[in-house]
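Thanks for sharing this one. Here are some friendly notes on its charged and aromatic side-chain pairs, set out point by point.

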Amino acid sequence: MNDHEPVIVGALRTPVGKRGGRLQKWHPVDLLAETLRQLVERSGINPADLDDVIVGCVLQWDQQHGNLGRHAVLAAGLPESVPAVTVDRQCGSGQQAVSFAVHGIRAGAYQMVIGAGVESMSQAPMPPSFKPGAPLGSQYSPRELARYQDNPLLPQGAASELMNKRFGLTREALDAFAVRSHRRAFEASKAGRVNDQLVRLNEDPADPDSPLVTADEGMRADPNPEKMATLKPVFSADGATTAANSSQISDGAAALLIASRAYAKQYGLKPRARFVSTAVAAADPVIQFTAVLDATRKALKESGLTLDDIDLFEVNEAFGGVPLMFQQEFGILDDRLNVNGGSIAIGHPLGSTGARMLTDLLCELERRGGRYGLQTICEASGTANTTIIERLG
């Protein structure tokens with residue numbers, strides 16, 4: 001046994017709320033703080049032993065700026081001695097936070113650390129680039145734009161249409177995938193398959209008697225394919241990407257408690273999964289989404305596994321075309337891909353989604369008795385994360 005091997009000993013996520021929906025009153029710091037508090041409470045650890053709290057967050061301004069992670073540690077009532085840092089790898093920020101925790105434990109710098117993510121897209125102002133047809137934001141420098149003047153950089157929405165065309169993804173296929181996402185998410189929720197992973201939250205943080213939020217708000221019990229087919233494409237008149245086959249703008253938080261094998265053994269914590277490999281990759285920043293393929297190949301090579309070894313795949317549904325591209329490229333069967341739905345149905349609070357997906361993946365592997373799970377997330381400007389975990393016990 002490797003004493004420095006990182007293992008997951010706890011994982012929780014909030015229900016995901018719609019923008020302007022049931023979690024809109026929660027300050028993002030407090031939303032994460034409550035997630036951290038309940039994770040520590042349920043695990044029974046001594047929080048003073050936490051070496052770090054690493055938090056993914058994308059829209060780091062207004063309520064979410066100034067190292068949100070440290071503010072959440074303090075708001076959670078954790079010891080003042082617990083440090084925290086906030087990272088941004090766009091949609092993969094929560095997954096990257098977990099990866100940094102894993103790397104720190106492997107290096108011997110940490111014994112126990114939390115990898116987490118949060119985003120309140122109700123409270124944090126949306127950047128102009130979220131609006132269809134809007135120009136690129138101010139983060140694009142003159143030199144970067146000049147490098148791509150012959151093949152201009154695009155906002156992600158417009159780039160999704162490049163992906164659709166390159167991989168032959170039709171409107172009908174995207175809409176069918178969206179319907180499946182909603183049906184799978186609703187079925188999993190109705191059957192109680194996600195209950196144990198949810199943070200207990202009141203709708204109004206200032207009123208403990210307000211209704212509890214007990215399920216993801218965005219999923220539809222009976223999505224209407226006919227109505228979905230009437231929606232106009234958002235980014236191109238002849239395109240295939242619509243509001244219905246893209247991820248929802250949402251609020252949420254998630255956190256995983258990760259310890260070294262040695263710490264877990266010493267303090268009686270049950271290892272639930274180990275990290276087999278983590279990988280990041282970068283590819284074409286114009287089309288933006290193909291790096292999930294490269295990151296997955298890297299993670300598989302590092303792990304020594306093949307696609308046939310993987311029991312469950314989670315591919316973020318930023319746009320419906322991303323998991324379909326992944327499925328087409330690798331020949332993944334439907335019954336192994338996003339089995340409980342994804343961000344089209346559940347929602348995509350940017351910084352938290354990676355940690356939410358890992359929590360879902362872990363719990364579903366445990367429920368099914370599966371062994372290996374692979375998760376990958378595309379990120380703006382052409383990067384991606386892939387993580388492979390192995391269920392233990």
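1. A word on terms before we start: helices here are DSSP runs of H or I with at least four residues, numbered from the N terminus. Please also keep in mind that this is a predicted model.

2. With that in hand, look at helix α1, which spans residues 28–43 and holds both Arg37 and Glu41. The two sit four residues apart, about one turn of the helix. Their side chains meet in a salt bridge, with N to O at 3.3 Å. Arg37 is partly exposed, at a relative accessible area of 31%, while Glu41 counts as exposed at 55%.

3. Helix α12 offers a pair with the same kind of spacing: Arg368 and Glu364 are four residues apart, or about one helical turn. Their closest N and O atoms are 2.6 Å apart, and the two form a salt bridge. What is the relative accessible area of Glu364, and is this residue buried or exposed? Glu364 has a value of 3% and is buried, whereas Arg368 is partly exposed at 45%.

4. The next pair also involves an acidic residue and an arginine: the side chains of Asp360 and Arg13 meet in a salt bridge, 2.9 Å from N to O. Asp360 belongs to helix α12 (residues 353–368) and Arg13 to strand β1 (residues 6–13), so this contact ties together parts that lie 347 residues apart in sequence. Buried means under 20% relative accessible area, so Asp360, at 10%, counts as buried. Arg13, at 0%, counts as buried too.

5. Stepping back to the overall tally, the model has 18 salt bridges. Some are joined up: Glu5, Arg261, Arg274, Arg371 and Glu390 are linked in a network of salt bridges. You may like to display these five residues together when you open the model.

6. Now for the rings, where the count comes to five aromatic pairs. In one of them, Phe326 and Phe330 have ring centres 4.9 Å apart and planes at 65 degrees, so the pair is edge-to-face. Both residues lie in helix α10 (residues 321–330), four residues apart, about one turn of the helix. Phe326 is buried, with a relative accessible area of 0%, and Phe330 counts as buried at 15%.

7. Finally, which residues do ring pairs link into a cluster? They are Phe235, Phe289 and Phe319.

Notes. Residues are numbered from 1 along each chain as its sequence is written. This is a predicted model: local features need pLDDT of at least 70, side-chain atom pairs count only at pLDDT 80 or more; totals for chains, interfaces and linings use all residues. Side-chain values use heavy atoms; hydrogens and water are left out. A salt bridge is a side-chain nitrogen of Lys or Arg within 4 Å of a carboxyl oxygen of Asp or Glu. Buried means under 20% relative accessible area, exposed over 50%, partly exposed in between (1.4 Å probe, protein chains only). Rings of Phe, Tyr and Trp (its six-membered ring) pair if their centres lie within 6.5 Å; planes under 30 degrees apart count as stacked, over 60 as edge-to-face and the rest as tilted.
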